[in-house]
Amino acid sequence: MSPPLVLSCVWVLAATGTALLPMRAQIIPGLALLVAAPPLLWAIAASHGLLPTLAALFAVLSMFRRPLFFATSRLMRAAAAREDDR
């Protein structure tokens, strides 16, 4: 197996371990996993192409769907508030 795929397997195991932690303890490891995801996706894309990268992207989005939804809705509310101020 290639190094990006091995690292992605380690990422999945770390994400699973993080999910087993209490919610308060998930913040720092979760942020580290979220920061590590784009370079890992880039490495998978460079080594294996589009389909494995899309599979990994869907896995990342599945793991972080609620935090990403929350961040997106918060950013959209902030943008709407700035529009109303103008």
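**Exercise 1. Place Ala36 in this predicted model and decide whether Ala36 is buried, partly exposed or exposed.**

Step 1. Ala36 lies in helix 2.

Step 2. The relative accessibility of Ala36 is 34%. Buried means under 20% and exposed means over 50%, with partly exposed in between.

Step 3. Ala36 therefore counts as partly exposed, at 34%.

Step 4. For its position relative to Phe64, take the C-alpha atoms: Ala36 and Phe64 are 28 residues apart along the chain, and 13 Å separates them.

**Exercise 2. Compare the span of helix 2 with the expected span, and find where helix 2 has a kink.**

Step 1. Helix 2 covers residues 27-48, which is 22 residues.

Step 2. From the first C-alpha of helix 2 to the last is 31 Å, close to the 32 Å expected at 1.5 Å a residue.

Step 3. The kink, of about 30 degrees, is at Ala37, shortly before the proline Pro38.

Step 4. Just after helix 2 comes Gly49, with a positive phi of about 100 degrees.

**Exercise 3. State which residues of helix 2 are buried and what covers them.**

Step 1. The buried residues in helix 2 are Gly30, Leu33, Ala37, Leu40, Leu41 and Ile44. Ala37 is also the site of the kink.

Step 2. Their cover includes helix 1 (3-19) and helix 3.

Step 3. Pro3 is found in helix 1. With a relative accessible area of 60%, Pro3 is exposed.

Step 4. Between the C-alpha atoms of Pro3 and Leu33 there are 17 Å in space, and the two residues are 30 apart in sequence.

**Exercise 4. Name the residues of the nonpolar surface patch and locate Leu57.**

Step 1. The patch is made by Leu50, Leu51, Leu54, Leu57, Phe58 and Leu61, and has an area of about 590 Å².

Step 2. Leu57 belongs to helix 3, residues 50-63.

Step 3. Leu57 has a relative accessible area of 30%, so Leu57 is partly exposed.

**Exercise 5. Find how many residues of helix 4 are buried, and check the length of helix 4.**

Step 1. Helix 4 runs over residues 65-85 and has 21 residues.

Step 2. The count of buried residues among these 21 is zero, and helix 4 is hardly covered.

Step 3. At 1.5 Å a residue, helix 4 should span 30 Å, and its end C-alpha atoms are 30 Å apart, so the two values agree.

**Exercise 6. Decide whether Leu20 is buried or exposed, and give the separation of Leu20 and Leu68.**

Step 1. Leu20 sits in the loop between helix 1 and helix 2.

Step 2. Its relative accessibility is 72%, so Leu20 counts as exposed.

Step 3. Leu20 and Leu68 are 48 residues apart along the chain, with 19 Å between their C-alpha atoms.

Conventions: Residues are numbered from 1 along each chain as its sequence is written. This is a predicted model: local features need pLDDT of at least 70, side-chain atom pairs count only at pLDDT 80 or more; totals for chains, interfaces and linings use all residues. Side-chain values use heavy atoms; hydrogens and water are left out. Patches are made of residues with over 30% relative accessible area and no salt bridge: like charges are joined within 9 Å, nonpolar side chains (Val, Leu, Ile, Met, Phe, Trp, Tyr) within 5 Å. Accessible areas come from the Shrake-Rupley method with a 1.4 Å probe; for residues, only the protein chains shown count as cover. A salt bridge is a side-chain nitrogen of Lys or Arg within 4 Å of a carboxyl oxygen of Asp or Glu. Helices (H or I, at least four residues) and strands (E, at least two) are DSSP runs, numbered from the N terminus. Buried means under 20% relative accessible area, exposed over 50%, partly exposed in between (1.4 Å probe, protein chains only). The expected span of a helix is 1.5 Å times one less than its number of residues. The bend at a residue is the angle between axes fitted to the seven residues ending there and the seven starting there. Contact means heavy atoms within 4.5 Å.
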